[in-house]
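Trainee: Got a minute to walk through this one with me? I'd like to get the sheets, the helix packing and the odd backbone spots straight.
Mentor: Sure, pull it up.

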Amino acid sequence: MSRRGQEPDSGAESLSSDEKEVVAGGMEGEGSAEEHPAGEDGSENSSSSSSEEESDAEESDGRRSGEEQEEKELLPHCNESGVNCLPSCEHCRNENDQKEQVTPRRLSGGQHVVQLDAEGTYQCSLTGLIFEVTGAVKITYSLLSWSKYANLVEKPWIVGGPLFDVRCDSAPALTSIQFPHSLCLGDHGAGMAFKVLHIKGEGAAIEPSADYSASHVKWLVSSLSPVGPLIQSQEPVQYHGAVILYKVVDEHPSLSFRVYVATNNDSFIKDISRAVKHSNKKFIKIDKPPVCQKLLQKGKRYRLVCEPEAEITPEEIEFVDGSLLKLKSYIEVYLEKPDDFTLSLVELESDATVWKAKLRESDWIHYDQNKNEQKRSAVSVKKRKPAISILEEEELCSKKQKTGNNADGIEPKLTDQQLMVIAKLFGRQWREIAIECLQMEMKDIEQIQATEEEVNIQKFLVLSKWRDREQSNGTAEALYRSLHEKASYEILQALQGFSS
């Protein structure tokens, strides 16, 4: 790392490298993240009585299928179009200290695990975490929400990056962890103090950082429990930002969107995903380049502009890092006619464009069409087939014989290969769908998970168990009928293909 974690030379509170400031405070009960329009105020400490189930890392993007796709929203460091894959910032110093990249294996509850086989420094390709180890270790870690621990973060300290819970099967071998931060240091790093909040039981300790760079804060491991970076600054803090878009899914021809302006902080972005998921409305995520081209600064005012004109509420916002807030602010955009339009986030003081995106009907019409096709397909399955002539019936039977079906027109059971295709298309809610739509027992799913770690194989085994139970009715058409109200369009389309 290129910079030492020195303390500021002002009267602001400063801790020496061997001090630990213990912050008293208890952790509250768990709940779910919420959100509100940006025009409504939320105190930073208003979230002290709120939290969410940390294991609930599922996303609610109707267009995506498969856990790999959903992972991109949850962990924006992913190199496949994730939010935190920042372009080189003109203000940040470039660093060429490349670490060996490791891709973790996903476990249930939003956990990740990596097996490191030798001494060295390794960087997680999904989260950006950097581990320094002295030997072979297995490290398990998960992303947490800061809002749960808002009462433990006291001024003048503020959140600097995502919060993680890290575990290790051989704690002494894990010597340091580098946490990604969302700040642009530019030439102001000397005026900042970097530490970490180390949550322990009913309270927390503010512990010193060993070093920091343009992208990470390094911490020497003292013990393992939730840890995340904090900062204290003499100057206004500037953030790498992200703008995240969601469209309301309903039957109205008009368009309604939620626009979230956030720091490029995984914990913050995870809270947004959870808030959208728990909303009483249904949303799809609109994939547009999220990274702000100009830095966001606390206290500055910004305006969202739409061309052609739309109803925007609120018209202006004052930017704050909402990591500690239970209620995640957003801007509502409403258009009467479903035309193409351009959204721009503009800094009022300089009139500079911070972020801009062109939204076209094709960005969401595919989902709407798929939704309608699903309904039509579901209806068609229930309809009685019309009577056909003897000649047409003979021709149909002949075609079925040529494609491998029995002469009596009975559809063959799904093959293992076809079940694997379907298994890979299921998203994070596959267990709920299996219980609700396929009448599977939770104990059977847990038994499969206990004997098989690979998630796609778990899904395959559940589908295989359903097929075996259905016997001769374990067909693509039968599976379609069972899943059509809950499964994604991609799954239903694949089943239709198998059936035909």
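Mentor: Let's start with a strand pair: strand 22 (residues 301-307) and strand 26 (residues 341-347) run antiparallel and are joined by 6 bridges. Keep in mind that this is a predicted model.

Trainee: Which residue is the bridge partner of Glu-307 in strand 26?

Mentor: Thr-342 is the bridge partner of Glu-307 there.

Trainee: And what order do the strands have in the open sheet of 4?

Mentor: The order is 24-22-26-27, and the pairing is antiparallel. Strand 24 (316-318) and strand 27 (352-359) are at the edges with a single partner strand each, so each has one side without a neighbour in the sheet. On average, neighbouring strands in this sheet are turned by 20 degrees against each other, ignoring direction.

Trainee: Remind me, what holds strands of a sheet together?

Mentor: Backbone hydrogen bonds pair them, in either a parallel or an antiparallel way.

Trainee: OK, next sheet. How is the open sheet of 6 strands ordered?

Mentor: That one goes 3-6-7-11-15-14, with mixed pairing. Its edges are strand 3 (100-102) and strand 14 (211-212); each has a single partner strand, so one side of each lacks a neighbour in the sheet.

Trainee: How many bridges are there between strand 6 and strand 7?

Mentor: There are 4 bridges, pairing strand 6 (residues 120-124) with strand 7 (residues 130-133) in the antiparallel sense. If you want a spot to click on, Tyr-122 has Phe-131 of strand 7 as its bridge partner.

Trainee: What about strand 25, which strands does it pair with?

Mentor: Strand 19 (residues 255-263) is one of them: 5 bridges join it to strand 25 (residues 327-335), and the two run antiparallel. In that pair, Leu-255 has Leu-335 as its bridge partner. Strand 23 (residues 311-313) also pairs with strand 25, antiparallel and over 3 bridges. There, Ile-312 stands opposite Val-333.

Trainee: Switching to helices. At what angle do helix 5 and helix 8 pack?

Mentor: Helix 5 (residues 416-425) and helix 8 (residues 455-470) pack at about 125 degrees, and their axes are 8 Å apart. The two helices are therefore oblique to each other. Helix 5 passes helix 8 in a right-handed crossing.

Trainee: Which residues make that contact?

Mentor: From helix 5, Asp-416, Leu-419, Met-420, Ile-422, Ala-423 and Lys-424; from helix 8, Asn-456, Ile-457, Lys-459, Phe-460, Leu-463, Ser-464 and Arg-467. Sorted by class, this contact of helix 5 with helix 8 has 7 nonpolar, 2 polar and 4 charged residues.

Trainee: And how do the axes of helix 5 and helix 10 cross?

Mentor: At roughly 165 degrees, with the axes of helix 5 and helix 10 (residues 489-499) coming within 9 Å. Angles over 145 degrees count as roughly antiparallel, and helix 5 and helix 10 are therefore roughly antiparallel to each other. Their crossing is right-handed.

Trainee: Who's in that contact?

Mentor: Helix 5 brings Gln-418, Val-421, Ile-422 and Leu-425, and helix 10 brings Glu-490, Ile-491, Ala-494, Leu-495 and Phe-498. The contact of helix 5 with helix 10 counts 7 nonpolar, 1 polar and 1 charged residues. Ile-422 is also listed in the contact with helix 8.

Trainee: On to backbone oddities. Where are there cis peptide bonds?

Mentor: One joins Lys-155 and Pro-156, with omega about 10 degrees. Pro-156 sits in the loop between strand 8 (137-144) and strand 9 (158-159). Another runs from Thr-313 to Pro-314, with omega near -10 degrees, and Pro-314 is in the loop between strand 23 and strand 24.

Trainee: What's the phi of Asp-351?

Mentor: Positive, about 65 degrees, although Asp-351 is not a glycine. Asp-351 lies in the loop between strand 26 and strand 27. As background, most residues other than glycine have a negative phi, and most peptide bonds are trans.

Trainee: Last topic: what pLDDT does the chain average?

Mentor: The average is 76, and 70% of the residues score at least 70. Residues 39-72 have pLDDT below 50, and that stretch has 113 contacts in the model beyond near neighbours in sequence. Residues 372-408 are below 50 as well, with 23 such contacts.

Trainee: How should I read coordinates where pLDDT is low?

Mentor: Predicted coordinates should not be read in detail where pLDDT is low.

Key:
Residues are numbered from 1 along each chain as its sequence is written. This is a predicted model: local features need pLDDT of at least 70, side-chain atom pairs count only at pLDDT 80 or more; totals for chains, interfaces and linings use all residues. Side-chain values use heavy atoms; hydrogens and water are left out. Axes are lines fitted to C-alpha atoms, for helices over the stretch in contact, and angles run from 0 to 180 degrees between N-to-C directions. Angles under 35 degrees count as roughly parallel, over 145 as roughly antiparallel, 65 to 115 as roughly perpendicular and the rest as oblique. A crossing is left-handed if the near helix is turned anticlockwise from the far one by less than a right angle, and right-handed if clockwise. Contact means heavy atoms within 4.5 Å. Ala, Val, Leu, Ile, Met, Phe, Trp, Tyr, Cys and Pro count as nonpolar, Asp, Glu, Lys and Arg as charged, and the others, Gly among them, as polar. Two strands pair if DSSP finds at least two bridges between them. pLDDT is the predictor's confidence in each residue, from 0 to 100.
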